[in-house]
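Welcome to my notebook. I open the structure, look things up one at a time, and write down what I find.

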Amino acid sequence: MTFEYSKRVPQTDNDVVGEILEAAANPAVISFAGGLPAPELFPVKEMQKAADTVFETEGQTALQYSNAIGEKVLRDEIVKLMADRKVTTTVDHIGVTTGSEQSIDLLAKMFINPGDTVIVEEPTYLCTLDVFRSYGANIVGVEMDENGMRMDKFEEALKAHPETKLVYTIPTFQNPTGRTMSLDRRKEFVELANKYDILVMEDDPYGAIRYEGTELPPLKHFDTQDRVVYMSTFSKILAPGMRLGWIVCNLDVLSNFVVMKQSADLHSDNLSQHIIAKFLEQNDIYKHIKEISDLYHHRFELMLEAIKNEFPADAKYSHPEGGMFIWVELPGDVDTMELFKTCVEHNVAFVPGDSFYPNQPKRGTFRLNFSNVDDETIKVGMKRLGDALKAALQ
């Protein structure tokens, strides 16, 4: 039969992400493509202890249906996490989600009608672009530099598109570039959002993993008009397999978000909520985050040294102070997808930059991940990548 799919299903056979994942699944290929945390740092024993305690003391509650807004025991712990991130809030403003992906999808579903304009950094997280496109958004990209989204270009976009519905940003250790928005720009960003009266979706999955520089408060810290919806996740600081994140937002937004969530999955995994809440009660999460940051710092420096030694001398690359990614820009007019195929032939993979652009991609760009590869793999893989790049450019 002929299947009449909705317009939300991508109308193309070009599955770039699928191609990347297929290549990365080849055991002969060293992959710097994924955004996976280091599994050796998952707190397995501590999580097992937390789970045992939950089953012993509150097993029936943890295995029962829950409410869409999330278990209070976990939201109480999130209030503490937010205070450390310089955001004062209460459990009433916090909703538990099935990872940050659900936060992005449900907020887009709540606010975007077909044809609505949304502003994003250029480049930006590819899955968010897919979500916005699925709801029929007109996506406008704003140029970045090493200090994040440029505020002059942001205001130009706001003036050119007064109909803008919302702006999506990853201000700290941005995906894919690893860049961080400066303190002055954070303040100006919120001022511009107030001036032009637009909703802000602040995505902060990586901000806790800092290994250089000075900690900066999130945009939500400067939010005087309750227009910033802050999103974060336990995927990068604990374990992605538990699929838990959270949002902090205006009460009216949260009440509608909860209604949307009820029809999506009723509630996020109740057992995981109780286990993570118990883990946070029993353990020093900041000690654990420091272990993550220290290892990622080491792997970042190893990859950075390899870039300097193995890549063409005129290649440009970001220097993140935290997070999991390095962004590379090659000189000349390079077809990034053809470059990707050449690299796979050399048994090494990255994520081509094309997927991170809302409209016209910048050629010769790609993202590298260093969090989920050991020292020897970085050395061997970067040598392969350097050889492939030189061959392709010649």
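In which loop does Asn347 lie? I looked it up, keeping in mind that this is a predicted model. Asn347 lies in the loop between helix 11 (336-345) and strand 12 (348-349).

**Entry: backbone angles at two loop residues**

I stayed with Asn347 and checked its backbone. Asn347 has a positive phi of about 60°, although it is not a glycine. I then asked about its surroundings: Asn347 has a relative accessible area of 27%, so I noted it as partly exposed.

Next I turned to Asp226. Its phi is positive too, about 55°, and Asp226 is not a glycine. I found Asp226 in the loop that runs between strand 7 (199-203) and strand 8 (228-233). Is Asp226 buried, partly exposed or exposed? With a relative accessibility of 31%, Asp226 counts as partly exposed.

**Entry: cis peptide bonds**

I looked for cis peptide bonds and wrote down two places. At one of them, Glu122 and Pro123 are joined by a cis peptide bond, with omega at about 5°. Pro123 sits in the loop between strand 3 (117-122) and helix 5 (126-134).

At the other, the cis bond joins Asn175 and Pro176, and I read an omega of about 25° there. Pro176 belongs to the loop between strand 6 (166-169) and helix 7 (183-196).

**Entry: Thr172**

I kept to that stretch of chain and picked Thr172, which is in the loop between strand 6 and helix 7. Is Thr172 buried or exposed? Its relative accessibility is 7%, and buried means under 20%, so Thr172 counts as buried.

Which residues does Thr172 touch, leaving out those up to four places away in sequence? I listed Arg179, Thr180, Arg186, Asp204, Tyr206 and Gly207.

**Entry: two domains**

I stepped back to the whole chain. The domain assignment gives domain 1 (16-42 + 287-393) and domain 2 (44-282), so I could see that domain 1 is written as two segments. The C-alpha centres of the two domains lie 25 Å apart.

How many residues of domain 1 are in contact with domain 2? I found 31 residues of domain 1 in contact with 33 residues of domain 2. Between them, the domains bury about 2800 Å², and 61% of that is on carbon and sulfur atoms. I also looked up which residues of domain 1 give the most: Glu321, Phe356 and Pro358 supply 24% of the area that domain 1 buries against domain 2, more than any other three residues.

**Entry: polar links between the domains**

I counted 2 salt bridges between domain 1 and domain 2. I also noted a salt bridge between the side chains of Glu329 and Arg179, at 3.8 Å from N to O. Arg179 was already in my notes, as one of the residues that Thr172 touches. For polar contacts between the domains, the count is 15 residue pairs.

Then I asked which elements make up the side of domain 1 that touches domain 2. Helix 10 (285-310) and strand 11 (325-329) each supply at least two residues. Helix 10 gives the most, with 8 residues. By class, I wrote down 17 nonpolar, 10 polar and 4 charged residues on that side of domain 1.

Notes: Residues numbered from 1 in each chain as written. Predicted model: local features only at pLDDT ≥ 70, side-chain atom pairs only at ≥ 80, totals over all residues. Heavy atoms only, no water. Domains from an automatic or database assignment. Contact = heavy atoms within 4.5 Å. Buried area = accessible area lost by both parts, 1.4 Å probe. Salt bridge = Lys/Arg side-chain N within 4 Å of Asp/Glu carboxyl O. Polar contact = N/O pair within 3.5 Å; in protein donor to acceptor, adjacent residues only side chain to side chain. Helix = DSSP H or I, 4+ residues; strand = E, 2+ residues; numbered from the N terminus. Nonpolar A, V, L, I, M, F, W, Y, C, P; charged D, E, K, R; others polar. Buried < 20%, exposed > 50% of the residue type's maximum accessible area, 1.4 Å probe, protein only.
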